[in-house]
Amino acid sequence: MFRPSFDPQPSLDGMSVSIRPLRRDDWDGLFAAAGHPAVWAGHPASDRYTREKFEPYFGLLLESGGTVAVIDRARDTIIGCSRYYLAPDREDSLSIGYTFINHEYWGGRTNFELKRLMLDHAFAHYDEVWFHIAPTNIRSQKAVAKLGAENMYETVLNLSGVPAPGFCFRLGKNAWLLHRKMLETSA
């Protein structure tokens with residue numbers, strides 16, 4: 001269970017993106033954001049851009065109770081999603097994952113802004129956040145390392161119904177505050 005004071009589906013606004021709880025009527029918008037092979041390149045579920053593979057994933061995201069839709073504020077369009085969940089192998093620890101952003105938003109500040117919103121919210125309630133990333137997902141490994149997260153160990157986790165190897169990255173509150181300041185200054 002999440003800590004009682006923690007809202008796993010907050011509504012938060014950044015400069016260019018906002019997040020809000022994922023809803024059933026977000027299907028069309030989220031599938032449009034996910035519906036390109038580049039979005040899933042390097043991901044273990046590389047065919048998730050197809051309707052057949054995305055539909056059960058969308059169901060999992062809805063049922064989780066911790067998924068947020070990512071909205072491009074200027075276009076008022078869903079561009080991806082992310083999720084808070086409890087770290088399966090760390091007692092009383094929060095994780096962020098299941099994140100994807102439409103490939104048109106890669107290479108800019110979108111992922112940092114999304115993670116800034118989510119991490120600031122998380123660190124108001126938890127002292128550390130975990131990221132579980134497949135060994136083949138180099139893009140995500142680099143992205144969380146930029147935030148200050150460190151790869152602590154590799155293990156087999158069952159996050160989506162199928163046990164799979166994963167790297168476990170940890171980000172402490174102090175490391176986040178330091179990296180956040182550096183990233184904001186370099187922008």
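Hi everyone, let's start in one helix: Asp-120 and Arg-116 both sit in helix α3, four residues apart, about one turn of the helix. Helices here are DSSP runs of H or I with at least four residues, strands are runs of E with at least two, and both are numbered from the N terminus. Before I go on, please note that this is a predicted model, where local features need pLDDT of at least 70 and side-chain atom pairs count only at pLDDT 80 or more, while totals for chains, interfaces and linings use all residues. Residues are numbered from 1 along each chain as its sequence is written, and side-chain values use heavy atoms, with hydrogens and water left out.

Back to our pair. Asp-120 and Arg-116 form a salt bridge, with the closest N and O atoms 3.9 Å apart. By salt bridge I mean a side-chain nitrogen of Lys or Arg within 4 Å of a carboxyl oxygen of Asp or Glu. Arg-116 is buried, at a relative accessible area of 17%, whereas Asp-120 is partly exposed at 26%. Those words have cut-offs: buried is under 20% relative accessible area, exposed is over 50%, and partly exposed is in between, using a 1.4 Å probe and protein chains only.

Stay in α3 for a moment, because the helix, residues 110-123, also holds Glu-113. Which side chain of opposite charge is nearest to Glu-113? The nearest one is Arg-116, 4.3 Å away, and Glu-113 is buried yet has no salt bridge. For charges, Lys and Arg count as positive and Asp and Glu as negative, while His and the chain ends are not counted. What Glu-113 does have is a polar contact, side chain to side chain, with Ser-16 at 2.6 Å. A polar contact is a pair of N or O atoms within 3.5 Å; within protein, one must be able to donate a hydrogen and the other to accept it, and residues adjacent in sequence count only if both atoms are side-chain atoms. Leaving aside residues up to four places away in sequence, Glu-113 touches Gly-14, Met-15, Ser-16 and Val-17, where contact means heavy atoms within 4.5 Å.

Now let's turn to the sheet. Eight strands form an open sheet with mixed pairing, in the order β1-β2-β3-β4-β5-β6-β8-β7. The edges belong to β1 and β7 (150-157); each has a single partner strand, so one side of each is left without a neighbour in the sheet. Two strands count as paired if DSSP finds at least two bridges between them.

Let me zoom in on β5, residues 94-101. Seven of its eight residues are buried, so this strand is largely enclosed by the rest of the structure. With strand β4 (residues 77-86), β5 pairs in the antiparallel sense over six bridges, and one of the bridge partnerships joins Tyr-84 to Ile-96 in β5. With strand β6 (residues 128-133), β5 pairs in the parallel sense over two bridges. On that side, Leu-94 has Val-129 of β6 as its bridge partner, and Ser-95 has Trp-130 of β6. Between these two strands the chain travels from β5 through α3 to β6, and this β-α-β crossover is right-handed. Right-handed means that, with the strands pointing away from the viewer, the path from the first strand over the helix to the second runs clockwise.

Where does Tyr-98 sit? Tyr-98 is in strand β5, is buried with a relative accessible area of 14%, and has a positive phi of about 60° although it is not a glycine. As background, most residues other than glycine have a negative phi. Asp-92 also has a positive phi, near 55°, and Asp-92 lies in the loop between β4 and β5.

Asp-92 takes us back to salt bridges. How many salt bridges are counted by this rule? The count comes to nine. In one of them, the side chains of Arg-3 and Asp-92 meet at 2.5 Å, N to O. Arg-3 is in the segment before β1 (12-13) and Asp-92 in the β4 to β5 loop, so the pair ties together parts that are 89 residues apart in sequence. Arg-3 is partly exposed at 27%, and Asp-92 is partly exposed at 44%.

Another salt bridge joins Arg-51 and Glu-55, whose closest N and O atoms are 4.0 Å apart. These two are four residues apart in helix α2 (residues 51-64), separated by about one helical turn. Finally, Arg-20, Arg-23, Asp-25 and Asp-26 are linked in a network of salt bridges. Thanks for listening!
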